[in-house]
Amino acid sequence: MQDLKNARRKFLRQSAIAATGLIFMPTIISCETRSGAPSTSTAPAAAPEKTGRKLGIALLGLGSYSNGQIAPSLQFTKHCELRGIITGSPEKVPVWQEKYGIKDENVYTYENLETIADNPDIDVVYVITPTATHKDFAIRAAKAGKHVWCEKPMAMTPEDCQAVIDACTKNKVRLSVGYRMLHEPNTQKFIALSKEKAFGEFTSATSYAGYAGQDPPTDYWRGQRKMGGGALYDMGVYTINGLRYGTQMAPVAVLKATQDRPTDVDVTTEYTLEYANGMTATGKTSVVTNYNLLKIEGKNGWHQMDPMQPYGGVKGMTSEGTVLGPPIDGKQQTLQMDNDALAILNDKPCLAPGEMGRDDIRVIRAIIESAETGKSVDI
Ligand code: NAD
């Protein structure tokens with residue numbers, strides 16, 4: 001049985017390599033320093049103390065991100081593995097069971113999710129559904145005694161995020177947000193430069209993330225405001241989180257913001273944030289225009305990620321011409337899940353705690369308020 005499972009895993013890994021061009025590297029978890037590039041202090045549990053046990057992951061929501069990125073990435077993880085599914089789409093069950101060898105007893109529906117409490121095979125429930133549904137699913141998973149990984153953006157409001165944090169604390173389970181960029185090695189080198197203020201005191205920052213799509217249809221959740229659709233929640237959260245790790249500061253106010261909302265959701269949002277040291281940051285995000293840049297200016301130079309958030313190929317650079325490392329294809333989600341699994345196994349802090357997810361949603365709400373009132377909004 002174990003041999004069969006290993007053979008299936010090997011086959012799926014080979015299929016994933018063929019499908020995505022991923023190159024399997026045995027040193028997948030390490031963030032080793034390359035010559036001329038800074039080391040990072042952000043990688044948790046660099047020398048894992050406990051690696052013997054793999055955590056069992058159950059994916060809740062089998063849509064495009066689960067199907068296209070997370071399940072394939074779980075074929076490469078060393079410290080966790082895909083063991084269960086929780087879905088509202090019965091037709092997906094046989095397909096996923098066949099493809100990933102998921103046992104009958106590890107298949108759940110949204111209705112019987114609570115019974116996962118009795119299943120020792122499952123350690124973590126990874127919530128990958130429309131944003132407005134994250135809160136309830138995450139709280140139900142926590143109440144069932146399972147650790148929670150929650151996709152970005154964490155929830156609709158800071159209060160909803162806090163409710164998830166409280167449920168996890170009360171039920172003594174861990175919580176991480178699916179901020180994959182925090183696990184990406186070139187981004188970690190960029191963050192190290194921010195932490196040491198390699199180019200002096202920060203003077204300004206720029207954060208852009210957008211793609212040239214279309215106004216999402218209103219019969220799909222991405223086109224529905226109440227479900228968490230629109231550019232600001234979907235893509236803008238990368239720009240806000242990028243400014244957080246790029247400046248190592250939290251903004252104190254939204255000075256101004258504008259939103260282009262042709263139907264129910266915004267297709268483009270632009271904003272200016274203010275920080276306690278008086279500096280400002282400019283952000284823009286879109287689902288109809290392409291741009292991707294995170295740049296931090298200091299008194300003596302700058303460092304940037306260009307592009308800053310695609311699944312592969314993010315590239316860091318400084319005003320001195322230093323390239324922070326070769327662009328890496330794929331593996332962000334594999335690193336993310338292995339780091340988050342190690343944080344649980346070794347009882348260490350994770351890189352993207354619920355509080356970070358909540359604080360980013362607080363900024364999103366302030367940007368919306370500023371756009372709607374035309375006034376600056378304290379955060
Ligand atoms: P999707 O529309 O492709 O899939 C959503 C899934 O949730 C579907 O299987 C759907 O059946 C299910 N679902 C459960 N409850 C639902 C409800 N009430 N209404 C509608 N669908 C419901 O979306 P996706 O692209 O997989 O995104 C899911 C989540 O993952 C979102 O929070 C999104 O922001 C996040 N995401 C993150 C990344 C990343 O890079 N970290 C990338 C893509 C998506």
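Helices are DSSP runs of at least four residues, marked H or I and numbered from the N terminus, and just after the helix called α8 in this numbering, Asp347 takes a positive phi of about 50°. The model described here is a predicted one. Its protein chain contains nine helices and 14 strands, and 48% of the chain's 379 residues are buried. Among contacts between residues at least 6 apart in sequence, 71% join residues at least 24 apart.

**The parallel sheet**

- Six strands make up an open sheet with parallel pairing, and their order across the sheet is β3-β2-β1-β4-β5-β6.
- The edges of this sheet are taken by β3 (107–109) and β6 (175–177), each of which has a single partner strand, so one side of each is left without a neighbour in the sheet.
- Direction ignored, neighbouring strands of this sheet are turned against each other by 25° on average.

**Strand pairs within the sheet**

- β1 and β2 run parallel and are joined by six bridges; one of the residue pairs between them is Leu59 with its bridge partner Ile85 in β2.
- Strand β2, which covers residues 80–87, is mostly covered, since seven of its eight residues are buried.
- Strand β1 (residues 55–60) also pairs with strand β4 (residues 124–127), in the parallel sense and over four bridges, and here Ala58 stands opposite Val125 in β4.
- β4 in turn pairs with β5, again in the parallel sense and over four bridges, with His147 in β5 serving as the bridge partner of Val124.

**The two faces of strand β5**

- In a regular strand, the side chains alternate between the two faces of the sheet.
- In strand β5 (residues 147–150), His147 and Trp149 point one way while Val148 and Cys150 point the other way, and all of these residues are buried.

**Helix α4 and its surroundings**

- Helix α4 (residues 134–143) has eight of its 10 residues buried, so this helix is largely enclosed by the rest of the structure.
- The buried residues of α4 are His134, Lys135, Phe137, Ala138, Ile139, Arg140, Ala141 and Ala142, a list that includes both Lys135 and Arg140.
- These buried residues pack against the strands β1, β4 and β5, and also against helix α5 (158–170).
- After α4 comes Gly145, which has a positive phi near 85°.

**Helix α8**

- Helix α8 spans residues 332–345, and its 14 residues reach 20 Å from the first C-alpha to the last, which is close to the 20 Å expected at 1.5 Å a residue.
- How many residues of α8 are buried? The count is 14 of the 14, so α8 is largely enclosed by the rest of the structure.

**The shell around the ligand**

- The ligand is surrounded by 19 residues, and the closest of them are Gly61, Gly63, Ser64, Tyr65 and Glu151.
- Which helix gives the largest share of the shell around the ligand? That share, three residues, comes from helix α2, which covers residues 64–73.
- Sorted by character, the residues of the shell around the ligand comprise five nonpolar, 10 polar and four charged ones.

Key:
Residues are numbered from 1 along each chain as its sequence is written. This is a predicted model: local features need pLDDT of at least 70, side-chain atom pairs count only at pLDDT 80 or more; totals for chains, interfaces and linings use all residues. The expected span of a helix is 1.5 Å times one less than its number of residues. A residue is buried if 20 or more other C-beta atoms lie within 10 Å of its own, exposed if 12 or fewer, and partly exposed in between; C-beta atoms are placed from the backbone. Two residues are in contact if their C-beta atoms, placed from the backbone, lie within 7 Å. A residue is near a molecule or strand if its C-beta atom, placed from the backbone, lies within 6 Å of it. Ala, Val, Leu, Ile, Met, Phe, Trp, Tyr, Cys and Pro count as nonpolar, Asp, Glu, Lys and Arg as charged, and the others, Gly among them, as polar. Two strands pair if DSSP finds at least two bridges between them. Axes are lines fitted to C-alpha atoms, for helices over the stretch in contact, and angles run from 0 to 180 degrees between N-to-C directions.
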